[in-house]
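Please open the model in your viewer and keep the sequence panel beside it, since each stop on this tour begins with a selection and then says what is to be found there.

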Amino acid sequence: MNFVSVIIVNRDVSFLKRCLDSVYQQTYEKIEVILIDNASSDGSVEFVTMNYPATVVVRNSVNEGFCKGNNRGFALAKGEYIMLLNADVYLKPTYVSELVKAVESSNKIGSSCGKLLRMKLDGTFTNIIDSAGIQIGKNRNFLNLGSGEADRGQYDTRLYVFGVPATACLCRREMLDDIKIGGEYFDEAYFMYFEDADLSWRSQLFGWKCIYTPVAVGYHIGGSFPDELPHRASSRTMDYLLFRNRYLTMIKNDIVSNCLHDLFHLAMFEIKQLVNTLCLRPYRFRAISRLLRLLPYAISRRRLIQERRVVSAVDMRHWFS
């Protein structure tokens, strides 16, 4: 049985008990838990140290962001598998074992995810799907498969997906080491948001597959109530980072011939983005300015990624739906 390292990047004590209880109640036996605390001031570290002494706790003096926090966790992890987990997630007891089974079904699979359903702030479970994997459109917008749909069994079949959400996913250590760029697993320039889409796209380019398995079930709060939760980014900050990071991800990973193939869809989406920015979200111009400053960095990363690409443009094209 391979060892699984669970990494939780934390800013809020509110959901830690529910999350950690579900991790320590997993049927999978060989698990270590690493909590990276991003400068919380609500007693998170003391709570975990007192109640979950087996947990490895790293306390950052400043909020280093989701990407750098997880990279710190990767460096400490001992497992052959690394599980990324948000603190506002509750896992059913077989979640980890089912993700491991899915990954081990083929040595070409680098990551796996389960069916995440939405959970209310009070911990009430719903049958509304939060994510069944990451999908990408021809306009290069990233979406969670099934998000907002009532679970009627429409995603009850195991299938390959474009990517896995960092909300609650499992990655092979071998895959992570293979796709690491510039010493980083997650690109720390992102801070947070779309870092999982970037990592998944890179893994696809390097020949690794991502798989979704419906028998692994968890519940997630975050996507439904972004402004109601303590320490969450405001809607404006979230939009700023999502807007900027989408372009970063495209610059680094997309293939020119595929962009030309989907030019109409891209153009229509960009026109909508421009109108939205001019009329409703002028703060996005700061994101554009920041993106331009990051452009040399992104191009240098692109060169490293594309030099190692083993998948053809045509093979990648079928993911753009």
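Select Asp151 and Lys115 and display their side chains, which meet in a salt bridge with an N to O distance of 3.0 Å. Bear in mind from the start that this is a predicted model. Asp151 sits in the loop between β9 (142-144) and β10, while Lys115 belongs to strand β6 (residues 109-119), so the pair ties together parts that are 36 residues apart in sequence. Which of the partners is buried, and which is partly exposed? Asp151 counts as partly exposed because its relative accessibility is 23%, whereas Lys115 is buried, with a relative accessible area of 5%; the cut-off for buried is under 20%.

**Two further salt bridges**

Move next to Arg59 and Glu46, whose side chains form a salt bridge at 3.2 Å, N to O. Here Arg59 comes from strand β3 (residues 56-60) and Glu46 from helix α2 (residues 44-51), so this bridge ties together parts that are 13 residues apart in sequence. If you colour by accessibility, Glu46 should appear as partly exposed, at a relative accessible area of 42%.

Then select Lys101 and Glu98, where the side chains meet in a salt bridge of 3.7 Å, N to O. Both belong to helix α4 (residues 95-103), and because they are three residues apart there, about one helical turn separates them. Glu98 is buried, its relative accessible area being 15%. How many salt bridges does the model contain by this rule? The count comes to 18.

**A charged network and the cavity beside it**

Now select Glu184, Asp187, Asp198, Arg202, Lys252 and Arg301 together, as salt bridges that share partners join these residues into one network. Keep that selection visible and add the lining of the second largest cavity, which consists of Ile181, Glu184, Tyr185, Phe186, Asp187, Arg202, Lys252, Arg301 and Ile305. The space enclosed there is about 30 Å³, and by class its lining divides into four nonpolar, no polar and five charged residues.

**Helix α6 and the largest cavity**

Select α6 (195-205) as a whole. Eleven of the eleven residues of this helix are buried, so α6 is largely enclosed by the rest of the structure. Among these buried residues are the charged side chains of Glu195, Asp196, Asp198 and Arg202, and Trp201 and Gln204 are buried as well. Just after the helix, look at the backbone of Gly207, which takes a positive phi of about 95°.

With α6 still displayed, add Leu84, Val164, Pro165, Ala166, Cys169, Cys171, Phe186, Asp196, Leu199 and Ser200, the residues that line the largest cavity. About 40 Å³ of space lies inside. The elements giving two or more residues to this lining are β11 (168-172) and α6, and α6 gives the most, with three residues. In contrast to the charged lining at the previous stop, which has five charged residues, this one is made up of eight nonpolar, one polar and one charged residue. By the rule used here, the model has two cavities of 30 Å³ or more.

**The second largest pocket**

For the next stop, select Gln204, Trp208, Lys209, Val311 and Trp319, which lie nearest the centre of the second largest pocket and belong to a lining of 13 residues. Widen the selection to β10 (159-161), β12 (209-220) and α11 (313-317), the elements that each give two or more residues to that lining. The pocket has a volume of about 230 Å³, and its lining comprises seven nonpolar, three polar and three charged residues.

**A nonpolar patch on the surface**

Finally, switch to a surface view and select Leu274, Leu278, Phe285, Ile288, Leu292, Leu295 and Ile299, which make a nonpolar surface patch of about 610 Å². Which elements give two or more residues to the patch? They are α9 (263-279) and α10 (284-307), and the largest share, five residues, comes from α10. As a last selection take Ile299, which is found in helix α10 and counts as partly exposed because its relative accessibility is 37%.

Conventions. Residues numbered from 1 in each chain as written. Predicted model: local features only at pLDDT ≥ 70, side-chain atom pairs only at ≥ 80, totals over all residues. Heavy atoms only, no water. 1 Å grid on protein atoms, 1.4 Å probe; cavity = no way out; pocket = protein on both sides within 12 Å on 5 of 7 lines; lining within 4 Å. Points joined across faces, edges and corners; volume = space filled by probe spheres on them. Helix = DSSP H or I, 4+ residues; strand = E, 2+ residues; numbered from the N terminus. Patch = residues over 30% accessible without salt bridge, like charges linked within 9 Å, V, L, I, M, F, W, Y side chains within 5 Å. Areas by Shrake-Rupley, 256 points an atom, 1.4 Å probe, with all protein chains shown as cover. Salt bridge = Lys/Arg side-chain N within 4 Å of Asp/Glu carboxyl O. Buried < 20%, exposed > 50% of the residue type's maximum accessible area, 1.4 Å probe, protein only.
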